[in-house]
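Student: Could you walk me through one part of this model up close? I'd like to see how a single strand sits among its neighbours.

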Amino acid sequence: MGALANQAFVKMNGIGNEIVVVDMRARGGSIAPEEARAVAAPDGAPYDQLMVLYPSRTPGTDAFIRIYNNDGSEAGACGNGMRCVADLVAKESGKDALTFETTAGILNCWKNADGLFTVDMGVPRFKWNEIPLAEEFRDTRAIELQIGPIDKPVLHSPSVVSMGNPHAIFWVDDVNAYDLARFGPLLENHPIFPERANITLAQIVARDHIIIRTWERGAGLTKACGSAACAAAVAAARLKRTGRKVKVSLPGGELTIDWREADDHVLMTGPVEFEFKGRFDPALFAKAGAS
């Protein structure tokens, strides 16, 4: 029987980014990709990201977290999911400041006086081999990549950055004028991205306001992607199109992103919403061949 059979879970969302949180700190057990996919089935608990808590591996941290996309692949970062986890652990522990470890590194989270949670997403990475890209680009503020006819591309010259996962940001005048469901999969799996990439359309509204839509690597079209909001904010600031602190509007709501000048850490602040609790039916995994 799989590790998730009969396991309790909590369904939440971060401005529409569908999150399922599973606490394996007491039970343990590794999760196979087919189990993660089974959870995302219509008769399971459909999600964009599955956040799985394990016992701390590093002294001073509250938990080690593995993050799964709904296709069963693992992600290094999920800002909206981290806020959901922080909300649950804060209520459990009574602590307003928490530290978690992910495969992308250590993340600090804290609750603000207004009830919103901030996640320190760390320092963005800009070198081509850190993102990573399949070939060298000295300036990742705009790389040579386009989709559509050579003489009249539909999308072109994205900014690329890693926020613990790879992002490509295409600058457009209207994020709703493009069929992202059509272009997203092609760009996510483009050979230039050896680990695939999150694909974002970004529209500059003002020096302190960006609108984005994202095709999320391993999850598809999403109402919100926190790391994409961070990536877009950082990329816009690098291009001098905005300041270092901006409001980012996503289909599911708004986040505040602050690329802190003192240490270059990216701070993401926003709300979380509890939906329901449940327990996984073992039949779900047997049916999917994940038992």
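Tutor: Let's take strand 2 and what surrounds it.

First, the ground rules: this is a predicted model, where local features need pLDDT of at least 70, side-chain atom pairs count only at pLDDT 80 or more, and totals for chains, interfaces and linings use all residues. Residues are numbered from 1 along each chain as its sequence is written, and side-chain values use heavy atoms, with hydrogens and water left out.

Strand 2 covers residues 17-23; helices (H or I, at least four residues) and strands (E, at least two) are DSSP runs, numbered from the N terminus. Five of the seven residues in strand 2 are buried, meaning under 20% relative accessible area, with exposed over 50% and partly exposed in between (1.4 Å probe, protein chains only).

On one side, strand 1 (residues 8-14) runs antiparallel to strand 2, joined by five bridges; two strands pair if DSSP finds at least two bridges between them. Lys11 has Val20 as its bridge partner. The two strands make a hairpin with two residues between them, and Ile15 in the turn has a positive phi of about 45°.

Strand 2 also pairs with strand 3 (residues 49-54), this time parallel, again through five bridges. Here Ile19 stands opposite Gln49.

Getting from strand 2 to strand 3 goes by way of helix 1, and the three make a right-handed β-α-β unit: with the strands pointing away from the viewer, the path from the first strand over the helix to the second runs clockwise. Gly28 lies in the loop between strand 2 and helix 1 (33-39), and at 22% relative accessibility Gly28 is partly exposed.
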